[in-house]
Amino acid sequence: MGNKKSGMLSKEILEDLKLNTKYSEDELCKWYESFQKQCPDGRIGRSEFEKIYANFFPNSDPKVYARHVFRSFDTNDDGTLDFREYIVALHLTSSGKTNLKLEWAFSLFDVDRNGEISKNEVLEIIAAIFKMIPPEEQKVLPEDENTPQKRADKLWAYFNKGDTDKIAEKEFIDGVMKNEAIMNLIQYNPKEK
Ligand SMILES: [Ca+2]
Ligand SMILES: [Ca+2]
């Protein structure tokens with residue numbers, strides 16, 4: 001509106017983002033400014049997104065994971081993220097509420113978007129997560145969690161599933177919510193430097 005900082009950011013999107021993320025109007029407007037500088041056409045492409053991710057993980061290889069994250073937020077599948085999709089992505093992957101985060105995690109794991117996750121899909125994403133863990137941190141992981149296969153096995157055992165069984169969204173969210181150790185199997189939070 002009269003706020004010079006908000007530039008071209010529409011009031012509708014701004015209100016929506018304020019409501020659905022923890023970010024203030026000031027923060028959102030600042031990010032919109034830098035977003036527009038980086039992406040004058042208002043959209044982030046896949047390789048640009050991978051570059052942003054690479055900055056966050058200088059000691060490892062987040063490329064495959066970033067590709068999956070991109071897919072999970074590019075809901076209309078047009079190969080770009082607009083500002084809203086981008087902020088929701090940043091917000092959810094860093095500090096969203098657990099429930100929303102798990103809804104998102106489910107969509108990340110559901111590679112073929114058919115509404116259920118298979119062990120192969122989980123293995124694919126966990127393998128991508130592993131590439132983000134620097135080698136020195138991988139060395140000190142617990143013995144039963146130090147490969148993607150072991151983690152997928154552990155997750156499947158926790159849900160009491162056979163190798164070809166699938167997990168539906170609600171079952172996944174309810175199960176992971178109850179158990180922090182399981183939550184840690186399916187994500188990687190870089191250590192603060
Ligand atoms: Ca899109
Ligand atoms: Ca699936």
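I'll walk you through two helix pairs and three single residues in this structure. Keep in mind as we go that this is a predicted model.

Okay, helix pairs. Two packed helices are described by the angle between their axes and the distance between the axes. So let's do that, starting with H3 and H4.

H3 covers residues 46–56 and H4 covers residues 63–73. Their axes come within 9 Å of each other, and they cross at roughly 125 degrees. An angle of 65 to 115 degrees would count as roughly perpendicular, and over 145 as roughly antiparallel; this crossing is therefore oblique. As for handedness, H3 passes H4 in a right-handed crossing.

Which residues meet there? On the H3 side you'll find Arg46, Phe49, Glu50 and Tyr53, and on the H4 side Lys63, Ala66, Arg67 and Phe70. Sort that contact by class and you get four nonpolar residues, four charged ones and no polar ones.

Now the second pair, H6 and H10. H6 runs over residues 98–109, H10 over residues 169–177, and the two pack at about 130 degrees with their axes 10 Å apart. That angle makes H6 oblique to H10. Here too the crossing is right-handed, with H6 passing H10. From H6, the contact uses Thr98, Asn99, Leu102, Glu103 and Phe106; from H10, Glu169, Phe172, Ile173, Val176 and Met177. By class, that's six nonpolar, two polar and two charged residues.

Right, on to single residues. Have a look at Trp156, which sits in helix H9, residues 148–158. Is Trp156 buried, exposed or partly exposed? Its C-beta has 18 others within 10 Å, and buried would take 20 or more, so Trp156 comes out as partly exposed. Leaving aside residues up to four places away in sequence, Trp156 touches Lys119 and Lys161. There's also Ser118: 38 residues away from Trp156 in sequence, but the C-alpha atoms are 9.5 Å apart in space.

Last stop, the loops. Asp77 is in the loop between H4 and strand S2, which is 80–82. What's phi doing at Asp77? It's positive, near 60 degrees, in a residue other than glycine. Asp77 counts as exposed because it has 7 C-beta neighbours inside 10 Å.

Asn160 tells a similar story: its phi is positive, about 60 degrees, and it isn't a glycine either. You'll find Asn160 in the loop between H9 and strand S4, 167–168. With 8 other C-beta atoms within 10 Å, Asn160 is exposed.

That's my tour, thanks.

How values were computed. Residues are numbered from 1 along each chain as its sequence is written. Chains are lettered from A and ligands numbered from 1 in the order in which they are written. This is a predicted model: local features need pLDDT of at least 70, side-chain atom pairs count only at pLDDT 80 or more; totals for chains, interfaces and linings use all residues. Axes are lines fitted to C-alpha atoms, for helices over the stretch in contact, and angles run from 0 to 180 degrees between N-to-C directions. Helices (H or I, at least four residues) and strands (E, at least two) are DSSP runs, numbered from the N terminus. Angles under 35 degrees count as roughly parallel, over 145 as roughly antiparallel, 65 to 115 as roughly perpendicular and the rest as oblique. A crossing is left-handed if the near helix is turned anticlockwise from the far one by less than a right angle, and right-handed if clockwise. Two residues are in contact if their C-beta atoms, placed from the backbone, lie within 7 Å. Ala, Val, Leu, Ile, Met, Phe, Trp, Tyr, Cys and Pro count as nonpolar, Asp, Glu, Lys and Arg as charged, and the others, Gly among them, as polar. A residue is buried if 20 or more other C-beta atoms lie within 10 Å of its own, exposed if 12 or fewer, and partly exposed in between; C-beta atoms are placed from the backbone.
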